[in-house]
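Reader: I would like to go through this model by question and answer. Please start with one helix and work outwards.

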Amino acid sequence: VTRQEAGGLGITLLNSYVNIGNYCLPESYMKPSHLFEAMKAEIPVSTSQASVAERHECYSKVLKLHDRVLYLCVGSFYTGNYGTVMAWKTENDPDNRMTVMDTGVASGKLGLVARATAKFSLVSGEPSAVIAFARDAIRHAEEYIFLDRLQFLAAGGRMSKTGAFFGDLLRIKPIVSACADGVRKMGVARNTREQVKFAFRGLEQGLRKDQGATLLLEYTDNREWLEKEIKPEIERRFPLVRVLMQVMSMTSAVHMGPGTWAVAFLPDNPGQAESDG
């Protein structure tokens, strides 16, 4: 979710930070091309969380601005944000005005859930309905992330450097998804063609032809290819689906690397879809 989108939907973003050499910037302020150029030049990159003081200030600010707040927290497997906010809430939210949800998700899944929930909240005056909608959206959001190389996962400690070396040597391209218990391997591909076939198989299984949905087509340094080759084919096969081009979360991109792309999708009215099924 970009800063501009967040402002229009009434979302307050709690930024992670991207570090490039000695340079550090909140991820929503990072210029994507700057990050990918640095990674290709093998300049050290990493991510970090906002300080505890900065996080506390953010919690206090939103409670001053709003009577009720729903915090869709990135999955607790990935950061300490959930533990931090719950400790703060114990001391500072006696009236329970802030509802904190450990979503168990990250990356495009979290972005879709946040967008959909914020839009629903603009037309619903009942906080419990908004919370129920968010829970349904979390259950139904799906994402497939297509990695180009493994070296960046190894650099971030997500896998062994030996495994990454042999994976790259064999041209194995893992297909992963951010789940509550960590990044889960959904499959493998040996080339871009196999990645695309896997993506469309996943969409065929996850989307109904008679139901609308929102889909994020996430890019790193490959927007032109996705916009020219993949987006029109998705729209042709799934005419009821709204396809949005979206740069990948900068935090995710640090760990995934240039060449990565992803599809994240969420059916309209996810709770209704479940009851119909």
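**Helix H5 and its surroundings**

Reader: How far apart are the end C-alpha atoms of helix H5 (residues 107-123)?
Author: The model is predicted. At 1.5 Å a residue, the 17 residues of H5 should span 24 Å. The distance in the model agrees with that expectation, the end C-alpha atoms being apart by 26 Å.

Reader: How many of the 17 residues of H5 are buried?
Author: Buried here means under 20% relative accessible area. The buried residues of H5 include Ser 107, Gly 108, Lys 109 and Leu 110, and also Ala 116, Thr 117 and Ala 118. H5 is largely enclosed by the rest of the structure, because its buried residues number 12 of the 17.

Reader: Is H5 roughly parallel or roughly antiparallel to helix H6?
Author: Two packed helices are described by the angle between their axes and the distance between the axes. For H5 and H6 (residues 127-140), the axes are 9 Å apart and the angle is about 155°. Angles over 145 degrees count as roughly antiparallel. H5 is therefore, relative to H6, roughly antiparallel.

Reader: How many charged residues are in the contact of H5 with H6?
Author: From H5, the residues that meet H6 are Val 113, Ala 116, Thr 117, Phe 120 and Ser 121. On the H6 side they are Ala 129, Val 130, Phe 133, Ala 134, Ala 137 and Ile 138. By class, the contact has 9 nonpolar residues and 2 polar ones, and the number of charged residues is no more than none: there are no charged residues.

Reader: What distance does H6 reach from its first C-alpha to its last?
Author: H6 has 14 residues, for which 20 Å is expected at 1.5 Å a residue. Among its buried residues are Val 130, Phe 133, Ala 134, Ala 137 and Ile 138. The reach of H6 in the model is close to the expected value, at 20 Å.

Reader: Which residues of H6 are in contact with Leu 70?
Author: Leu 70 lies in strand S4 (residues 69-73) and counts as partly exposed, at 25% relative accessibility. Leaving aside neighbours within four places in sequence, Leu 70 is in contact with Thr 99, Met 101 and Thr 117, among others. Its list of contacts also holds Val 130, Ile 131 and Ala 134.

Reader: How far apart in space are Leu 70 and Met 98?
Author: In sequence, Leu 70 and Met 98 are 28 residues apart. In space, C-alpha to C-alpha, the distance between them is 5.9 Å.

Reader: What is the angle class of helix H3 relative to helix H4?
Author: The axes of H3 (residues 52-65) and H4 (residues 81-92) come within 10 Å and cross at roughly 60°. The contact includes Tyr 59 and Leu 63 of H3 and Val 85 and Trp 88 of H4. The angle makes H3, relative to H4, oblique.

Reader: Is Thr 12 buried or partly exposed?
Author: Thr 12 sits in the loop between helix H1 (3-9) and strand S1 (17-20). Beyond its neighbours within four places in sequence, it is in contact with Cys 58 and Val 62. With a relative accessible area of 41%, Thr 12 is partly exposed.

Reader: What share of the 277 residues in the protein is buried?
Author: The protein has 12 helices and 11 strands. Of the contacts with a separation of 6 or more, 72% join residues 24 or more positions apart. The buried share of the 277 residues is 49%.

Note on methods:
Residues are numbered from 1 along each chain as its sequence is written. This is a predicted model: local features need pLDDT of at least 70, side-chain atom pairs count only at pLDDT 80 or more; totals for chains, interfaces and linings use all residues. Side-chain values use heavy atoms; hydrogens and water are left out. Helices (H or I, at least four residues) and strands (E, at least two) are DSSP runs, numbered from the N terminus. The expected span of a helix is 1.5 Å times one less than its number of residues. Buried means under 20% relative accessible area, exposed over 50%, partly exposed in between (1.4 Å probe, protein chains only). Contact means heavy atoms within 4.5 Å. Axes are lines fitted to C-alpha atoms, for helices over the stretch in contact, and angles run from 0 to 180 degrees between N-to-C directions. Angles under 35 degrees count as roughly parallel, over 145 as roughly antiparallel, 65 to 115 as roughly perpendicular and the rest as oblique. Ala, Val, Leu, Ile, Met, Phe, Trp, Tyr, Cys and Pro count as nonpolar, Asp, Glu, Lys and Arg as charged, and the others, Gly among them, as polar.
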